[in-house]
Amino acid sequence: MLKNIVINNFKITFCIYAIRCNKTQQVYIGATSNIQSRISNHISSYKSGNSKCSSRTIFEHDDYTIDILLNDLTKEGAIQSENDFIVAYGKMAVNQNKPISVSYTHLRAHETHEQPVCRQMHETTKTYSQTL
């Protein structure tokens with residue numbers, strides 16, 4: 001049976017990485033707390049033919065570079081930064097989970113009472129109407 005191991009003054013941090021195809025300049029952006037393991041997983045999944053990740057398009061030419069874009073992030077910071085980099089790289093990013101931007105008007109067109117576009121606006125309106 002394993003015992004709990006306590007490591008003092010340790011915190012998990014995340015990094016944002018980019019895998020760039022040197023021939024096409026396409027890039028895959030990712031976030032991880034264990035860069036060596038994550039990159040090894042990308043490569044071995046591609047080589048075995050089992051990769052469903054969009055990073056597989058980067059490895060097709062067998063000529064790529066890996067860069068750390070940001071380091072020492074919290075999990076929440078890494079999620080936000082990963083999306084920011086995907087957006088910044090635009091069409092060069094091959095990520096399947098690309099954030100999309102839509103107009104506020106478009107969002108309002110799909111708004112329901114149960115799922116308002118702006119929760120604060122909804123709560124303010126709800127509070128205001130209850131005090132009348």
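Biologist: Where is Gln25 found?

Modeller: Gln25 sits in the loop between β1 and β2. This is a predicted model, by the way.

Biologist: What is the phi of Gln25?

Modeller: Its phi is near 65 degrees, a positive value in a residue other than glycine. Most residues other than glycine have a negative phi.

Biologist: Is Gln25 buried, exposed or partly exposed, and why?

Modeller: Gln25 counts as partly exposed because its relative accessibility is 34%, and the range for that class lies between 20% and 50%.

Biologist: How many residues lie between β1 and β2?

Modeller: There are 5 residues between them, and the two strands form a hairpin. Strand β1 covers residues 14-21, runs antiparallel to β2 and is joined to it by 6 bridges.

Biologist: Which residues in β1 stand opposite Tyr28 and Gly30 of β2?

Modeller: Ile19 stands opposite Tyr28, and Tyr17 stands opposite Gly30.

Biologist: Where else is there a positive phi in a residue that is not a glycine?

Modeller: Asp62 has one, at about 55 degrees. Asp62 lies in the loop between α2 (56-59) and β3.

Biologist: Buried or exposed, that Asp62?

Modeller: Asp62 is exposed, because its relative accessible area is 62% and the cut-off for exposed is over 50%.

Biologist: Back to the strands. What order do they take in the sheet?

Modeller: The order is β2-β1-β3, in an open sheet of 3 strands with antiparallel pairing. β2 (27-32) and β3 (64-73) are at the edges with a single partner strand each, so one side of each has no neighbour in the sheet. From one strand to the next, the twist averages 15 degrees.

Biologist: Which helix packs on the sheet?

Modeller: Helix α1, residues 35-48, packs on it and touches β1, β2 and β3. The direction of α1 makes about 35 degrees with that of β1.

Biologist: How many residues of β2 are buried?

Modeller: In β2, 5 of its 6 residues are buried, so the strand is mostly covered.

Biologist: What about Thr32, buried or exposed?

Modeller: Thr32, which is found in strand β2, counts as buried because its relative accessibility is 9%, and buried means under 20%.

Biologist: Which residues does Thr32 touch?

Modeller: Leaving out residues up to four places away in sequence, Thr32 touches Thr13, Phe14, Cys15, Tyr17 and Arg38. A polar atom of the Thr32 side chain also lies 3.0 Å from the backbone nitrogen of Asn34.

Biologist: Cys15 is on that list. How many disulfides are there?

Modeller: A search of the whole structure finds 0 disulfides.

Biologist: And are Cys15 and Cys21 buried or exposed?

Modeller: Cys15 counts as buried at 6% relative accessibility. Cys21 counts as buried too, at 0%.

Biologist: Now the whole chain. How many helices and strands does it have?

Modeller: The protein chain has 5 helices and 3 strands. Along the sequence they follow the pattern β-β-α-α-β-α-α-α.

Biologist: What share of its residues is buried?

Modeller: Of the 132 residues in the protein chain, 26% count as buried. The protein chain exposes about 9900 Å², and carbon and sulfur atoms supply 52% of that area.

Biologist: Last one: what share of contacts joins residues at least 24 apart?

Modeller: It is 56%, taken among contacts in the protein chain between residues at least 6 apart in sequence.

Terms used: Residues are numbered from 1 along each chain as its sequence is written. This is a predicted model: local features need pLDDT of at least 70, side-chain atom pairs count only at pLDDT 80 or more; totals for chains, interfaces and linings use all residues. Side-chain values use heavy atoms; hydrogens and water are left out. Two strands pair if DSSP finds at least two bridges between them. Helices (H or I, at least four residues) and strands (E, at least two) are DSSP runs, numbered from the N terminus. Axes are lines fitted to C-alpha atoms, for helices over the stretch in contact, and angles run from 0 to 180 degrees between N-to-C directions. Contact means heavy atoms within 4.5 Å. A disulfide is a pair of cysteine sulfur atoms within 2.5 Å. Buried means under 20% relative accessible area, exposed over 50%, partly exposed in between (1.4 Å probe, protein chains only). A polar contact is a pair of N or O atoms within 3.5 Å; within protein, one must be able to donate a hydrogen and the other to accept it, and residues adjacent in sequence count only if both atoms are side-chain atoms. Accessible areas come from the Shrake-Rupley method with a 1.4 Å probe; for residues, only the protein chains shown count as cover.
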